[in-house]
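Here is a friendly walk through one protein model. Please keep the sequence and the 3D view open as you read.

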Amino acid sequence: MQIPHDTRRALDVVVALVNTTAEADQPDGLAEIGALRGFVRDYSISDVGELSARDLAGVRAVRGKFAQVFAAPTSRAASVLINELVATAGTTPQLTDHDGYDWHVHYFAPGASLGDHLAADGGMALAFIVVSGEQERLRRCEAPDCRRAFVDLSRNRSRRYCDSRTCGNRLHVAAYRARRKEADAEVSEHEQVVHGGKQQQGSDHP
Ligand SMILES: [Zn+2]
Ligand SMILES: [Zn+2]
């Protein structure tokens with residue numbers, strides 16, 4: 001699937017935002033404004049003014065909506081959610097080449113709050129996925145103790161695990177441990193034989 005670069009970047013932001021949600025083993029990644037500032041910095045989100053508690057609440061609300069899109073059972077359900085998101089945010093498509101980036105489209109309205117900004121650009125990126133008939137690429141990691149969101153960009157839509165926290169690796173590790181366990185079982189059988197031999201040797205030297 002060909003995804004324009006800026007759409008891909010917007011999807012990265014959507015995924016990262018959804019993955020700040022508190023889970024059983026992880027506190028809320030956007031618990032306070034400092035964390036939100038860090039998020040804006042990490043993802044080089046442009047045109048963001050001074051942030052307030054209101055922005056934090058707004059972004060967290062949008063995060064919940066994005067999570068709903070990931071959970072949407074059908075493209076129709078996803079579309080309803082996305083339409084709501086972008087309608088509430090208000091979009092004003094603008095071509096821009098700010099900060100040395102190639103020409104790309106910003107969807108957020110000038111002066112939009114950070115929540116509306118993310119809803120507009122993330123919402124349009126999600127819309128692109130639905131329009132491409134690729135909604136099933138919006139996934140949650142299938143590792144038993146991980147529910148992180150990711151966008152499966154593999155050619156044959158076969159990716160099942162997120163790459164953060166190296167879930168793919170962890171499954172390799174699980175397979176490795178299973179093999180080790182079998183090997184250990186064989187070794188301990190061996191050891192019994194060896195120790196038996198040693199004991200016999202030992203009995204030669206009381
Ligand atoms: Zn931009
Ligand atoms: Zn995972």
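The report below goes from overall layout and confidence to helices, core and loops.

## Overall layout and confidence

Please bear in mind that this is a predicted model. The protein has six helices and four strands, and from the N terminus its elements follow the order α-α-α-α-β-β-α-β-β-α. Of its 206 residues, 27% count as buried. If you take the contacts between residues at least 6 apart in sequence, 53% of them join residues at least 24 apart.

How confident is the predictor? The mean pLDDT of the protein is 87, with 85% of residues reaching 70 or more. Confidence is highest in α3, at a mean of 98, and lowest in helix α6 (residues 167–204), at 60. Over residues 193–206 the pLDDT stays under 50, and the model has zero contacts there beyond four places in sequence.

## Helix α1

Helix α1 covers residues 5–18. At 1.5 Å a residue its 14 residues should span 20 Å, and the end C-alpha atoms are indeed 20 Å apart, so the two values agree.

Which residues of α1 are buried? They are Thr7, Ala10, Leu11, Val13, Val14, Val15, Leu17 and Val18. These buried residues pack against α3 (53–71), α5 (114–131) and β4 (149–151).

## Helix α3 and its crossing with α1

Helix α3 has 19 residues and reaches 27 Å from its first C-alpha to its last, close to the 27 Å expected at 1.5 Å a residue. Its buried residues are Asp55, Leu56, Gly58, Val59, Val62, Arg63, Lys65, Phe66, Val69 and Phe70. Charged side chains appear in that list too, with Asp55, Arg63 and Lys65 among the buried residues of α3. The partners that the buried residues of α3 pack against are α1, α2, α4, α5, β3 and β4.

How do α1 and α3 meet? Their axes are 9 Å apart, and the packing angle is about 105 degrees. The two helices are therefore roughly perpendicular to each other. On the α1 side the contact involves Val14, Leu17 and Val18, which meet Arg63, Phe66, Ala67 and Phe70 in α3.

## The nonpolar core

The largest nonpolar core holds 39 residues, and those with the most contacts inside it are Val14, Val69 and Ala120. At least two residues of this core come from each of α1, α3, α4 (75–89), β2 (104–108), α5 and β4. Helix α5 gives the most, with eight residues.

Two of the best-connected core residues have already appeared: Val14 is one of the buried residues of α1, and Val69 is one of those of α3. What does Val69 touch? Not counting residues up to four places away in sequence, Val69 touches Ala78, Leu81, Ile82, Leu126 and Leu138.

## The loop between α2 and α3

Two residues in this loop deserve a look at their backbone. Most residues other than glycine have a negative phi. Ser44 lies in the loop between α2 (33–42) and α3, and its phi is near 45 degrees, a positive value. Asp47 is in the loop between α2 and α3 as well, with a positive phi near 55 degrees.

Are these two residues buried or exposed? Ser44 is exposed, because it has 11 other C-beta atoms within 10 Å. Asp47 is partly exposed, because its count of other C-beta atoms within 10 Å is 13.

## Two more loop residues

Thr21 sits in the loop between α1 and α2. With 18 other C-beta atoms within 10 Å, Thr21 is partly exposed. Leaving aside neighbours within four places in sequence, Thr21 is in contact with Asp28, Arg63 and Ala67. Arg63 and Ala67 are also among the α3 residues that meet α1. Thr21 and Arg148 are 127 residues apart in sequence, while their C-alpha atoms are 9.3 Å apart in space.

Glu134 is placed in the loop between α5 and β3 (138–140). Glu134 counts as partly exposed, with 17 C-beta neighbours inside 10 Å. Setting aside neighbours within four places in sequence, the contacts of Glu134 are Met1 and Ile129. Glu134 and Leu153 are 19 residues apart along the chain, with 9.8 Å between their C-alpha atoms.

Technical notes
Residues numbered from 1 in each chain as written. Chains lettered and ligands numbered in written order. Predicted model: local features only at pLDDT ≥ 70, side-chain atom pairs only at ≥ 80, totals over all residues. Expected span 1.5 Å × (residues − 1). Buried ≥ 20, exposed ≤ 12 C-beta atoms within 10 Å, placed from the backbone. Contact = placed C-beta atoms within 7 Å. Core = buried A, V, L, I, M, F, W, Y, C linked by C-beta atoms within 7 Å. pLDDT = per-residue confidence, 0-100. Axes fitted to C-alpha atoms, helices over the stretch in contact; angles between N-to-C directions. Parallel < 35°, antiparallel > 145°, perpendicular 65-115°, else oblique.
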